[in-house]
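Here are my notes for you to read alongside the model. Keep the 3D view open and click on each residue as it comes up.

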Amino acid sequence: SASISPPVEEQRRLRLKDRTIIPSAPYLLVSNIFDLGCEIPFVGPTICPKSGWRSILPKEWVEFPRGKLSHSFDSSFHRYADRDVSYADFIRWEKVNAWNSGTVHDNVGLSATLHDYYNYAFNTNSTELGMLTNPMALCVLAALVMIVRLLKKVFLPKFSDLGRRLGRNTHGPNWENENEERIVKFGEYVYRLCYHSAVSVYGIWYFRDKSWWNKSQGGTSNLWDMHPNHPIEPGMAWYYLVQCAYNVDALISLMELSFKVELVNPLAYSSALKFLEKEHVVDENQRKKEVLKMMVKGGCDQTVLWTPLFQIKWSSTVRGDFREMMAHHVVTNCLIFLSSYYRFTRIGSMIFLVHDLSDVPIDMSKLANFVKWKTTTIVCFMTMVLMWIVTRLVIFPFMICGSVVTESYHFLVEKGKLDPALHEAYFAFFYFLLGSLVLLHVTWFIILLRIGWTLVSKGETHDYSEHKNGEKQKSS
């Protein structure tokens, strides 16, 4: 109730004065969820008491400031942030500038409209394209994902043909017939190599003079200072959009590569149920279990999900590290959208760049291994391990994640305007997601060590990320 909890701004002032009164993240999240739920139009007033949801709980839980569920706070940075420039804002400014210069802004006709959209998208800072959760940015993102998928549809077969020719020239004509899966994956990794090389070159060029990469200009402190009102340049906005489109497509493509959907004859299902009923299997649940065994018989270990209409099976092209890759893509996409929503594009761009740089030798080593170029594979593998250690096991955890843990509170809360409760509650998500990436990097590094050990001890090149039990070694 109002007599128990002071206004949100007063709570923020008291939290800044004494951090010890702030509950732990789970309690803050529960409180925030209930506060937001009670503010939902139509639904909130129906399910929440007029005196507030805290009024039905014991006093020791909701009495401010020591009550675990007594704290309220705004769950976004929007009240502290400048509003993103909308297209309507841009047009108004263009008209005002034209008026001040004694001219008239021409917005009639297709050419003038396209010119305005171009200037808005590529020559204006801090537009709505800089936050991926804005409707305009989501529309552009959806278009980019479709473009990426179209490009893959056109070029992947050509890249696979390249792998087919290289394998045939190196190992003879029979190699092509025995390695169709390798040829498909070769095309995928040529595409990945082209993408990672291109965005790495752009990233190095674009971020070469950015202050957060330059220790003499303050280094990682610039990730947080003046947040959340960093200007988002068009180059940064489009960098984020393209990276997000690639990662969304990567998640979709991983599922396409790992699963296959097969239709199930519904008549066969119903007939099997009737047959078991005649066989005096009375219990309906037992009949369904028996039918399931019958329908997936012979391929049960390949079946992921079975329904009376369709079944989902593991594909023969599934990666050996599918679970790690799926976790990586889910975590990555969550980080992309959350970092954009909370205006952490600077730190997000650092994470993008260190991953892209290390992905280039990964793609090269996989391509060399797919066509079994042993010497090239070894050289690329050694480069990959070195880059992995530098970027993913040193720069990422100690420089980037270290800044999140040690510098964010000082600049966002102590020097900035951020409510410490918001930092405590929602930075737990970022700690969890970033920590998950670090663990995945360590897991993959162990796989790399296993590959290296097999190479040294047996003289064989096995890609355990593609094949969990190693590969069949065929003589060329």
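Are arginine 54 and aspartate 35 buried or exposed? Find them in the view, then read on.

1. **The opening pair.** Both arginine 54 and aspartate 35 turn out to be buried. Keep in mind that this is a predicted model. The two side chains form a salt bridge, with N and O 3.1 Å apart. Arginine 54 sits in the loop between H3 and H4 while aspartate 35 belongs to helix H2, so the salt bridge ties together parts that are 19 residues apart in sequence.

2. **The whole chain.** Now zoom out a bit. The protein chain has 476 residues, and 49% of them count as buried. Its secondary structure comes to 17 helices and 3 strands. Take the contacts between residues at least 6 apart in sequence: 74% of these join residues at least 24 apart.

3. **A long-range salt bridge.** Aspartate 419 and arginine 15 also make a salt bridge, and their closest N and O atoms are 2.7 Å apart. This pair links distant parts of the chain, 404 residues apart: aspartate 419 is in the loop between helix H16 (408–414) and helix H17 (420–458), and arginine 15 is in helix H1. Both aspartate 419 and arginine 15 are buried.

4. **A short-range one.** Arginine 12 and glutamate 9 have side chains that meet in a salt bridge as well, at 3.1 Å from N to O. These two are about one helical turn from each other, because they are 3 residues apart in helix H1 (residues 8–17). What about their exposure? Arginine 12 has a relative accessible area of 12%, so it counts as buried. Glutamate 9 has 36%, so it counts as partly exposed.

5. **The salt-bridge tally.** How many salt bridges are there by this rule? The count comes to 17. Some residues are joined up in a network of salt bridges: Arg149, Lys152, Glu188, Asp249 and Glu256. Try selecting those five together in your viewer.

6. **The disulfide.** The structure holds 1 disulfide. It joins cysteine 38 to cysteine 48, with the sulfur atoms 1.9 Å apart. Such a link is a covalent bond between the sulfur atoms of two cysteines. The angle about the S-S bond of cysteine 38 and cysteine 48 is -85°, and the link is left-handed. The pair links distant parts of the chain, 10 residues apart: cysteine 38 is in helix H2 (residues 25–38) and cysteine 48 in the loop between helix H3 (43–47) and H4.

7. **How exposed are the cysteines?** Cysteine 38 has 22% relative accessibility, so it counts as partly exposed. Its partner, cysteine 48, has a relative accessible area of 15% and is therefore buried. Look at two further cysteines while you're there. Cysteine 194 is partly exposed, with a relative accessible area of 45%, whereas cysteine 380 is buried, at 9% relative accessibility.

8. **Two residues in one loop.** Serine 75 is in the loop between H4 and H5, and arginine 79 is in the loop between helix H4 (59–62) and helix H5 (87–100). Serine 75 counts as buried because its relative accessible area is 17%. Arginine 79 has 47%, so it counts as partly exposed. Leaving out residues up to four places away in sequence, serine 75 touches Asn32, Leu36, Tyr342, Leu422 and Tyr426. With that same exclusion of residues up to four places away, arginine 79 touches Glu9 and Asp74. Arginine 79 also shows how the chain folds back: lysine 417 is 338 residues away in sequence, but 9.6 Å away in space, C-alpha to C-alpha.

9. **Empty space inside.** Rolling a probe the size of a water molecule over the atoms shows where empty space is left. In the whole structure, the search finds 3 cavities of 30 Å³ or more. The second largest cavity contains about 50 Å³ of space. Which residues line the second largest cavity? They are Phe77, Tyr80, His227, Pro228, Leu412, Lys417 and Leu418. By class, that lining has 5 nonpolar, 1 polar and 1 charged residues.

How values were computed
Residues are numbered from 1 along each chain as its sequence is written. This is a predicted model: local features need pLDDT of at least 70, side-chain atom pairs count only at pLDDT 80 or more; totals for chains, interfaces and linings use all residues. Side-chain values use heavy atoms; hydrogens and water are left out. On a 1 Å grid over the protein atoms alone, a cavity is a set of points where a 1.4 Å probe fits but cannot get out, and a pocket is an open set with protein on both sides within 12 Å along at least five of seven lines; lining residues have an atom within 4 Å of a point. Grid points are joined across faces, edges and corners, and a volume is the space filled by probe spheres set on the points. Ala, Val, Leu, Ile, Met, Phe, Trp, Tyr, Cys and Pro count as nonpolar, Asp, Glu, Lys and Arg as charged, and the others, Gly among them, as polar. Helices (H or I, at least four residues) and strands (E, at least two) are DSSP runs, numbered from the N terminus. Buried means under 20% relative accessible area, exposed over 50%, partly exposed in between (1.4 Å probe, protein chains only). Contact means heavy atoms within 4.5 Å. A disulfide is a pair of cysteine sulfur atoms within 2.5 Å. A salt bridge is a side-chain nitrogen of Lys or Arg within 4 Å of a carboxyl oxygen of Asp or Glu.
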